[in-house]
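Here is a friendly walk through one chain, written for someone who likes to see the cut-offs. Please have the structure open as you read.

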Amino acid sequence: MKRKIGLALASGLALLVAGCASQSSSGAGAGSTAPATTETARNFNLAVKCPGVHWEKTHGWSNQQIMQQESLEESDIPACEQWVQAQPKGYVPPPPPGTPVAAKAPSTGGAPAPAPQ
């Protein structure tokens with residue numbers, strides 16, 4: 001029984017590695033999508049970093065400190081401040097493209113679940 005489980009796990013791992021290898025090599029040949037991908041990546045990076053930049057600015061950090069901490073250019077700092085102001089309260093940026101979406105938990109409306117009887 002242990003051999004069967006070990007074999008199943010090893011097979012699954014081999015398939016996972018093979019699948020990851022085929023995914024990473026499939027996008028490398030498409031040269032025409034590079035500018036759009038770069039812009040999307042930049043927008044995603046700003047969406048992730050801008051809340052942190054805003055927090056650092058409100059806590060008195062200098063632009064030099066922010067650029068060093070967040071690996072941003074100085075022109076991105078005012079863009080981040082504008083981006084943060086444009087977001088609705090409680091905004092959470094979406095996951096990057098290609099990330100599997102987690103299943104949503106059932107909403108209880110803030111009420112605790114009833115105790116089983």
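Asp76 counts as buried, because its relative accessibility is 8%, where buried means under 20% relative accessible area, exposed over 50% and partly exposed in between (1.4 Å probe, protein chains only). This is a predicted model, in which local features need pLDDT of at least 70 and side-chain atom pairs count only at pLDDT 80 or more, while totals for chains, interfaces and linings use all residues. Residues are numbered from 1 along each chain as its sequence is written, and side-chain values use heavy atoms, with hydrogens and water left out.

Asp76 sits in helix H4; helices (H or I, at least four residues) and strands (E, at least two) are DSSP runs, numbered from the N terminus. Not counting residues up to four places away in sequence, Asp76 touches Arg42 and Leu46, a contact being heavy atoms within 4.5 Å.

What else is buried in H4? Besides Asp76, the buried residues of this helix (residues 76-86) are Ile77, Cys80 and Val84. They cover an arc of only 95° around the axis, so they lie on the same side of H4; the arc is that of the directions from the helix axis to the C-beta atoms. The face turned away from this buried side carries the exposed residues Gln82, Gln85 and Ala86.

Ile77, Cys80 and Val84 also belong to the largest nonpolar core, which has nine residues, the others being Leu46, Cys50, Val53, Ile66, Met67 and Leu72. Such a core is a set of buried Ala, Val, Leu, Ile, Met, Phe, Trp, Tyr and Cys residues joined through side-chain atoms within 4.5 Å. At least two residues of this core come from each of the helices H2 (34-58), H3 (63-70) and H4. Within the core, Met67 is in contact with Leu72 and Ile77, and it also meets Glu73 and Glu74, leaving aside neighbours within four places in sequence.

Leu9 makes a good counterpoint. It belongs to helix H1 (residues 2-26) and is exposed, because its relative accessible area is 61%.

Some totals for the chain:

| Item | Value |
|---|---|
| Helices and strands | four helices, zero strands |
| Buried residues | 11% of the 117 residues |
| Contacts between residues 24 or more positions apart | 49% of the contacts with a separation of 6 or more |
| Exposed area (Shrake-Rupley method, 1.4 Å probe) | about 9500 Å² |

Carbon and sulfur atoms supply 62% of that exposed area. Read along the sequence, the pattern is α-α-α-α.
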